[in-house]
Amino acid sequence: MKIVMQTGTYTVTTPSTLGRLLLVKLEKEQYLFLPENKWFCSKVVVTTPEHDVIYFPCYKWVSRGEVVELRGGKASKVFEDELPLLVHHRKKELERHKKLFQWNEFAEGLPHINSAKELSALPAEVLFSFSKEVETIYTRESGMFELKLKGLADSTKQWEDFDKMKKVFWFRKTPISEYVSEHWKEDDFFGSQFLNGTNPNVIQRCTTLPPNFPVTDEMVQPSLEDGSSLETEMKKGNIFICDYKRLEGVPTRVVNGEPLPLTAALCLFYNNPEDNLTPIAIQLEQQPSEQNPIYLPSDSEHDWLLAKMFVRNADFIEHQNSYHLLGTHLLAEAFAMATLRSLPIMHPLHKLLIPHFRYTFPVNTISREILFGPEEGLTKDTTLGLEGLKELLKRAHSEITYSSLCLPENIVARGLESIPNFYYREDGLKLWNVINSFVQGMVEHFYSSDSEVSRDSELQDWINEIFIHGFLGNGKSGIPQRFDTVKEVIKFITMVIFTVSAQHSAVSMGQFDYCSWVPNSPIFLCKAPPTTKGCSSMSTIFETLPDVGSTVRGMASIWLLSKKYSDFIPLGSYPNQYFDETDGYFDVTKQMMKHFQAELSYLSESITERNSTFTPPYNYLNPAEMENSVSM
């Protein structure tokens, strides 16, 4: 679908000298008898009679009768403004933004959000472009129209075979989604997903078995190398675990008078001599008992497959809510709110960060409006209702630490420095370093000393707002309450940009690839896990899977969440010109951006080359494919 927009350039000339140009005012005239027609102004470029060129960035919609006052020139920090007019303009801009962007509580224990209840209540300057809005509506409606034509969206029938399931969305397939539908039962593929699928965030090295997971050598010996033992393999660093204990006791949606099952599963993995990560033991509830057996690869085919499906369901719930929604979308909104409320457009860190918050407000507002309403998304077609969702997010948020948001520290804390074939780690650490190098150059250019950091009251307000509203003043999180050094600023800005671009891409971009085949990532399961082994059959599996309508509606939602739109802006691209640091003929910020883009391009080429050698490829941290912001 192609959207054509009209653009224009307007030139105004004056023969008179302008003196020192501080501000430019724009006003859209009132045509009382014509309908409202907002204009989007990108920038004003002034070439003075003395041939100086001054950029006044705008990048916002201008309504009828509205007066927009723009400031141009080089970026400045609050203590660098001396003229009363500029000090007043800076203060008024922040006052205006604090009225437009007000904090609101979404739920107790969660990051605060913007107060807009619906899309129309958002300020025009942060809304979707017209093309993005039209494409979003078209994608959602066309997907559901196809399903309704097939008579599937409202079907309450149970699936009877997997071949029929493969015919859903037959023209909306990807090479990886087809690969998943063919290999989802295989143990090697099952294990690989916890490293390179949509949720590489849970798995960690296991050096000691949890006391509530009584796996014995006798149980797993057939899965280990001949003559080895569980203790030996743990010492070698070959045993890993996924523990979904956070899900224990989370309330679920009630269907036909019964709550849907949600298992707080534990899954043990072995990195075998062929460097394949394979599951070797699964316990579906936290407390061991005779009614909670430990499932093994040596069990019957259907018992083992069903146990793996419950693990994948637990992983899907954690992925979508704790790591995708909370860990990227809600944190991105908190970062964006603090930026608009505390850093005026002339602040260098506003200019650096604002491209990374493009569309974050409308995306999150639509999500809350559509997905979390009492009759929509999460209360209709997944395991958790609204109560369970809020409870899980509250638990996950209380466990977030600054260290866990910084990938190099996260990898070390989970003991994953050396596990082979972990492309999320390999690509992510390289990308973190590239972003960090770029941020270091930009921050050090604008802050020549630690004292300048301490003196910047706007910067201190920014980090304090994030600490209070994004992390609810939780000192145990390790999130800084203020900055005292340039080094601290560099690390935090690196984390912010990585979270809203790379981390979001890692947990979002592969959703259709890995989650559209519902048996591989069940949106919910209908029957509780069996309490004894040897009772499961293929009929049990189909009875446990979601019904036809829920399955296909889930697939449609995942398609919408994974789609790349025509106005996609990749990481490192800055089409809007916020910086104007020209000194003579040289602009150091533009040079740093070009170097950043070159480094991202080199990384992208190396990822593409590597991916050509194996299937399925890992492309979710390819800079050329990831969005600059949380925009879908």
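Here's a quick briefing on the cores, one buried loop residue and a few paired strands in this structure. It's a predicted model, so local features need pLDDT of at least 70 and side-chain atom pairs count only at pLDDT 80 or more, while totals for chains, interfaces and linings use all residues. Residues are numbered from 1 along each chain as its sequence is written, and side-chain values use heavy atoms, with hydrogens and water left out.

**Nonpolar cores**
- The largest nonpolar core (buried Ala, Val, Leu, Ile, Met, Phe, Trp, Tyr and Cys joined through side-chain atoms within 4.5 Å) has 143 residues, and F335, W462 and F492 have the most contacts inside it.
- Helix α8 (residues 301-342) gives this core its largest share, 21 residues; helices here are DSSP runs of H or I with at least four residues, and strands are E runs of at least two, numbered from the N terminus.
- There's also a second, separate core of 17 residues, with C206, L209, I239 and I280 among them.

**N520**
- You'll find N520 in the loop between α19 (511-515) and α20 (538-544).
- N520 is buried (under 20% relative accessible area, 1.4 Å probe, protein chains only), at 1%.
- Leaving out residues up to four places away in sequence, N520 touches (heavy atoms within 4.5 Å) V180, W184, F189, Q193, R312 and Y514.

**Strands around β8**
- In β8 (residues 239-243), 4 of the 5 residues are buried.
- β8 pairs (at least two DSSP bridges) with β7 (residues 204-205) in the antiparallel sense over 2 bridges, and Q204 stands opposite I241.
- β8 also pairs with β11 (residues 266-271), antiparallel over 5 bridges, with Y270 as the bridge partner of I239.

Methods. Buried < 20%, exposed > 50% of the residue type's maximum accessible area, 1.4 Å probe, protein only.
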